[in-house]
Amino acid sequence: MKFAIQINSAPYQTQGSDTAFQFIRAALRNGHEIVRVFFYHEGVYNGLGYAMPPDDERPVVKRWSDLAREHGIDLVICISAAQRRGLLSREEAVRVGKADTDLAEGFRIAGLGLWVEACLNADRFLIFGG
Amino acid sequence: MPVRKSFLFILRRPPHGGIHAQEALDIILTTAAFDQTVRLLFIDDGVFQLQRDQRPETIDFKHIAPIFGALELYDIEELWVEEESLRERGIKVERLIMPVRLVARCDLAALMEVQDVVVSC
């Protein structure tokens, strides 16, 4: 089955991001396909590349990057939600004269059209984090 | 890939508690712009979004109520409001900014059942 996933909560804020990760891992293990993971609202903070949790804690952001690399999963952060909260792509950072991108590896920043596309391509659409 | 699906957006948060309601409208209008069938359902504190005479500028928030007036341009014509949510908050239908379709709490499941995608906002 094809799943599209939306995540609305920040890492460490609530269980949403963790539950989504566990769900995706279980789905992949059982042969399902993840069409796209879309980060919206406070979920955009899952893509903050400079997150540096202590070594004995689960590294939420890095875990997403690893997942994208190992399974080729498309991690998309909504551009308007991201820019509102100070998370810029490299191109946008250059355009507005900011130092650099804060975006973690494996993520990309794009528009809501990709959310619609993911919903159309998927058999099931699930939201995590309220 | 199906070209068109039916989307039911369930708005359950108040309009000016944060950016959530405004971002929900962004996703709703984008979906409609992609020529999808879009229906809205207001329940819980979401019914406050449709109340008349909001003055969000007094707390430095943007007006979102006018956006609802533009929904028709996007061919979004079905706005459902749960009767019990209105009654529990003492809001009369006449106090809403636009005409809506009322639905009883016991009929919500049937409304969701017939949609392809249900989005809780």
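**View 1. Chains A and B put together.** In this predicted model, chain B and chain A bury about 1,700 Å² between them, and 64% of that area sits on carbon and sulfur atoms. On the chain B side, look for B:Met1, B:Glu23 and B:Ile27: these lose the most area to chain A, and together they make up 33% of what that side buries. Counting contacts instead, 23 residues of chain B touch 19 residues of chain A.

**View 2. Salt bridges and polar contacts between the chains.** Two salt bridges link chain B and chain A. One to zoom in on pairs B:Glu23 with A:Arg85, whose closest N and O atoms are 2.8 Å apart. B:Glu23 is also one of the three chain B residues that lose the most area to chain A. As for polar contacts across this interface, seven residue pairs turn up, with both partners at pLDDT 80 or more.

**View 3. What chain B brings to the interface.** Strand E1 (6-11), H1 and E5 of chain B are the elements that give two or more residues to the side touching chain A. H1(B) has the largest share there, with eight residues. Sort that side of chain B by class and you get 12 nonpolar, six polar and five charged residues.

**View 4. The largest cavity, lined by both chains.** The count here is one cavity of 30 Å³ or more, and the largest cavity holds about 50 Å³ of space. From chain A, the lining takes in A:Gln6, A:Asn8, A:Tyr40 and A:His41. Chain B adds B:Ala24, B:Ile27, B:Val119, B:Ser120 and B:Cys121. B:Ile27 is worth a second look, since this lining residue is also among the three in chain B that lose the most area to chain A. Helix H1 (20-33) and strand E5 (117-120) of chain B each supply at least two lining residues. By class, the lining has five nonpolar and four polar residues, and no charged ones.

**View 5. A salt bridge inside chain A.** Over all chains, the whole structure has 19 salt bridges. The one shown here joins the side chains of A:Arg36 and A:Glu117, at 3.0 Å from N to O. A:Arg36 lies in strand E2 (residues 33-39) of chain A and A:Glu117 in helix H5 (residues 113-121) of chain A, so the pair ties together parts that are 81 residues apart in sequence.

Notes: Residues numbered from 1 in each chain as written. Chains lettered and ligands numbered in written order. Predicted model: local features only at pLDDT ≥ 70, side-chain atom pairs only at ≥ 80, totals over all residues. Heavy atoms only, no water. 1 Å grid on protein atoms, 1.4 Å probe; cavity = no way out; pocket = protein on both sides within 12 Å on 5 of 7 lines; lining within 4 Å. Points joined across faces, edges and corners; volume = space filled by probe spheres on them. Helix = DSSP H or I, 4+ residues; strand = E, 2+ residues; numbered from the N terminus. Nonpolar A, V, L, I, M, F, W, Y, C, P; charged D, E, K, R; others polar. Contact = heavy atoms within 4.5 Å. Buried area = accessible area lost by both parts, 1.4 Å probe. Salt bridge = Lys/Arg side-chain N within 4 Å of Asp/Glu carboxyl O. Polar contact = N/O pair within 3.5 Å; in protein donor to acceptor, adjacent residues only side chain to side chain.
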